[in-house]
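Please keep the sequence and the three-dimensional view side by side while reading, and look up each residue as it is named. The paragraphs below go from the whole chain to its cores, then to a sheet, and finally to a single residue.

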Amino acid sequence: VCEYSLNSNGKLEIKGKKGGQGILTIGYDDIYVDDVNIVISVKEVSGQVVYLTTDVNYSLLVSGSYTTLKCRLEGYEELDSSKFIWEIESEIPDESGKKVANISGSGLSVVVNGINTGTSRIKVNHEKSKFPLYFTVKVVDSDDYKPIYIKTETNVINMIENERNTVSVEL
């Protein structure tokens with residue numbers, strides 16, 4: 001789908017090679033920092049690419065409170081909210097070993113209720129999207145917690161064949 005190299009400014013440069021989609025995974029060598037996936041979508045002149053995206057894929061939540069996770073399906077209009085499949089893919093509880101969060105809802109958004117401290121990885125999928133979309137929810141005891149996570153400019157890069165683009169992240 002693409003080729004990549006590190007340019008002189010320290011940014012990852014991506015060049016679209018052929019139509020399709022792929023995943024670029026960016027990580028940091030620390031067990032407490034989740035990897036970030038960026039969908040690379042290379043469109044042929046006549047092609048339409050369908051993918052899931054969001055504006056916020058990391059949420060910090062105080063135990064006992066809730067937040068809403070929202071996604072968008074680009075390139076296809078879905079009228080049936082049951083086609084969006086949400087699930088808690090994995091959880092890493094803190095010392096208690098208890099369940100971290102619950103989710104409820106359907107369609108383009110779900111409500112996450114923080115039950116106990118820890119980290120929950122939540123996934124949404126749609127049959128028309130080649131890749132699922134992941135959210136990380138960190139449940140903490142108080143607002144004083146300062147999270148460390150990888151921040152990207154975008155979680156989807158759309159390009160056409162032979163186009164070049166750059167990716168930058170910050171910790």
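**From the chain to its parts**

The protein chain has 17 strands and 0 helices, and the reader should keep in mind that this is a predicted model. Of its 171 residues, 35% count as buried. If we take the contacts in the protein chain with a separation of 6 or more, 58% of them are accounted for by residues 24 or more positions apart.

Where, then, do buried nonpolar residues come together? The largest nonpolar core has 18 residues, and those with the most contacts inside it are Leu69, Cys71, Trp86, Val124 and Phe135. At least two residues of this core are supplied by each of the strands β9 (84–93), β11 (109–114), β12 (118–126) and β13 (133–140), and β13 gives the most to this core, with 4 residues. Trp86 is a useful residue to follow here: leaving aside residues up to four places away in sequence, Trp86 touches, among others, Leu69, Cys71, Ile103, Leu108, Val110, Ile122, Val124 and Phe135. Apart from this core lies another one, of 9 residues, which includes Ile14, Leu24, Val36 and Val42.

Aromatic rings can also be searched for across the model. A search of the whole structure finds 1 aromatic pair. A ring can also have a charged residue over its face, and in this model Arg121 lies over the face of Tyr134, at 4.0 Å from the ring centre.

Turning to the way strands are arranged, we find an open sheet that 3 strands form in the order β7-β11-β10, with antiparallel pairing. The strands β7 (66–70) and β10 (101–106) stand at the edges and have a single partner strand each, so one side of each is left without a neighbour in the sheet. On average, and with direction ignored, neighbouring strands of this sheet are turned by 25° against each other. Between β7 and β11, which run antiparallel, there are 5 bridges, and the bridge partner of Thr67 in β11 is Val112.

A last stop is Thr53, which has its place in strand β5 (residues 51–53). Is Thr53 buried or exposed? Its relative accessibility is 6%, and because buried means under 20%, Thr53 counts as buried. Along the chain Thr53 and Val39 are 14 residues apart, while in space their C-alpha atoms are separated by 8.9 Å.

How values were computed:
Residues numbered from 1 in each chain as written. Predicted model: local features only at pLDDT ≥ 70, side-chain atom pairs only at ≥ 80, totals over all residues. Heavy atoms only, no water. Core = buried A, V, L, I, M, F, W, Y, C linked by side-chain atoms within 4.5 Å. Buried < 20%, exposed > 50% of the residue type's maximum accessible area, 1.4 Å probe, protein only. Contact = heavy atoms within 4.5 Å. Phe/Tyr/Trp six-rings, centres within 6.5 Å; stacked < 30°, edge-to-face > 60°. Lys NZ or Arg CZ within 6 Å of the ring centre and 35° of its normal. Pairing = 2+ DSSP bridges. Axes fitted to C-alpha atoms, helices over the stretch in contact; angles between N-to-C directions.
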